[in-house]
Amino acid sequence: MTALKSALIACLALLGGLAWAQDETAPNRRPVAVVADARLAVGDRGILPLYVSRPWTKPQPDITRAVLVLHGRLRNADVYYDTAIKARDAAGPAGATTLLVVPQFLADLDVEAHGLPPETLRWTLEGWQGGDAATAPHPVSSFEALDAILAHLADRSLFPALTEVVVAGHSGGGQVVQRYAIAGQGEAALTRRQVAVRYVVANPSSYAYFSADRPEPEIAAACPGYDRWKYGMADRPAYLATPTPSELERTYVARRVIYLLGTRDTDPNHPALDKSCMARAQGPTRYVRGHSYAAVMAARDGGTPNHRLWDVAGVGHNGDKMFTSSCGLKALFDVPGCGEAP
């Protein structure tokens, strides 16, 4: 009976998409199973692996939208690429003219395990989430890698009809997107070509605050590093060290940001949840942390008129379900349905 029950649970996990969620709880200290098959040169300082849904070094005259999807802490870009394809297909006509781009931020252990060339960019296991410099071959910020992707998309000889770029991430990828929306320099090249950019931040474990106040002040008071980057504005990495916190906040507020929060991402003991005191000072769960952060930002002088928060009902910590939900499809592809009457 026990064996039969175990088999049933395994089947339901596969059929219900729970295998994706379970994958997010696996250890991130083992090599990735698959390395993305495309490559992008980040200047002359390193090569970034990534997936692209079309041969993007050739002109794509019908592409009107590009959607970047950033993987989580497992660096499993293949899983996120599959999710991006599923969401694109569910988007119908809007997906037909969309280019998908899924970068992969590898670690040293991945490069070694797969025998990758020395020019392959790699970061510490978690440093890429906050824009830290690569460990090799040159100190390239993960944000600079994103800049390079956006610069490529800004090439009108390749994408003459492009009108919108969406930068999205779930879990660890959501952490990257939220910080990149604060500091990213790649948007400027697209803006000069009248290409709109928006950022979709889904179920991250933490956020970068602009002030020293936190939703859980008692935890913050007992946590010396609670206001250091990537949780606050102190000790920022080189990529964003020059602008003041006020300047960074103004940039962030001006940008189009959508927070996607699963209403069931409420487990304070979730294996992949950041349980450091820096993160706990922001609240007990991802869902609470997201709502608290959005509320703090909305309460600032002038508010956040370009930011939106959409709850994804009935979904927990599962990027596949988040991005293929009605709100996920609206955030990525402008497909109607999120919060609208049937």
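This is a walk through a predicted model, from its sheet to its cores, its helices and one arginine.

Let's begin with the sheet. Eight strands make up an open sheet with mixed pairing, and their order is S1-S2-S4-S3-S5-S6-S7-S8. At its edges lie strand S1 (38-41) and strand S8 (307-312), each of which pairs on one side only. On average, neighbouring strands of this sheet are turned by 25 degrees against each other, direction ignored.

It helps to recall that strands of a sheet pair through backbone hydrogen bonds, in either a parallel or an antiparallel sense. Both senses can be found here. Strand S2 (residues 47-52) and strand S4 (residues 98-103) run antiparallel and are joined by three bridges; here Tyr51 stands opposite Val102 in S4. Further along the order, S5 and S6 pair in the parallel sense over seven bridges, with Val165 standing opposite Val197 in S6. S6 also runs parallel to S7, to which five bridges join it, and Val201 has Tyr259 in S7 as its bridge partner. How enclosed is strand S6 (residues 196-202)? Six of its seven residues are buried, so S6 is largely enclosed by the rest of the structure.

Now look at what lies over the strands. Helix H6 (residues 142-153) lies across S1, S2, strand S3 (65-70), S4 and strand S5 (164-170), and runs at about 165 degrees to S3. This helix leads us straight to the nonpolar interior. The largest nonpolar core has 61 residues, and those with the most contacts inside it are Trp56, Leu68, Ile149, Leu153 and Val165. H6 gives the most to this core, with seven residues. If you would like one residue to click on, try Leu153: setting aside residues up to four places away in sequence, Leu153 touches Trp56, Ala66, Leu68, Leu99, Phe159, Leu162, Val165 and Leu190. There is also a second, separate core of 30 residues, with Val166, Leu260, Phe323 and Phe333 among them.

Phe333 appears again where two helices meet. Packed helices are described by the angle between their axes and the distance between the axes. The axes of helix H3 (residues 77-90) and helix H14 (residues 326-333) come within 10 Å and cross at roughly 90 degrees, which means that H3 is roughly perpendicular to H14. Ala87, Arg88 and Ala90 of H3 make the contact with Leu329, Leu332 and Phe333 of H14.

Helix H12 (residues 286-298) is another good stop. H12 has 13 residues and reaches 18 Å from its first C-alpha to its last, close to the 18 Å expected at 1.5 Å a residue. Its buried residues are Arg286, Arg289, Gly290, Ser292, Tyr293, Ala294 and Met297. What covers these buried residues of H12 includes helix H7 (172-183), helix H10 (245-254), strand S7 (256-262), helix H11 (277-280) and the edge strand S8.

Let's finish with Arg256, which is found in strand S7. Is Arg256 buried or exposed? With a relative accessible area of 33%, Arg256 falls in between and is partly exposed. Leaving aside neighbours within four places in sequence, Arg256 is in contact with Glu164, Ala196, Val197, Arg198, Tyr199 and Asn306. One of these, Ala196, is 60 residues from Arg256 in sequence, while their C-alpha atoms are 9.0 Å apart in space. Val197 is familiar too, as the residue in S6 that stands opposite Val165.

Methods:
Residues numbered from 1 in each chain as written. Predicted model: local features only at pLDDT ≥ 70, side-chain atom pairs only at ≥ 80, totals over all residues. Heavy atoms only, no water. Pairing = 2+ DSSP bridges. Helix = DSSP H or I, 4+ residues; strand = E, 2+ residues; numbered from the N terminus. Axes fitted to C-alpha atoms, helices over the stretch in contact; angles between N-to-C directions. Contact = heavy atoms within 4.5 Å. Core = buried A, V, L, I, M, F, W, Y, C linked by side-chain atoms within 4.5 Å. Buried < 20%, exposed > 50% of the residue type's maximum accessible area, 1.4 Å probe, protein only. Expected span 1.5 Å × (residues − 1). Parallel < 35°, antiparallel > 145°, perpendicular 65-115°, else oblique.
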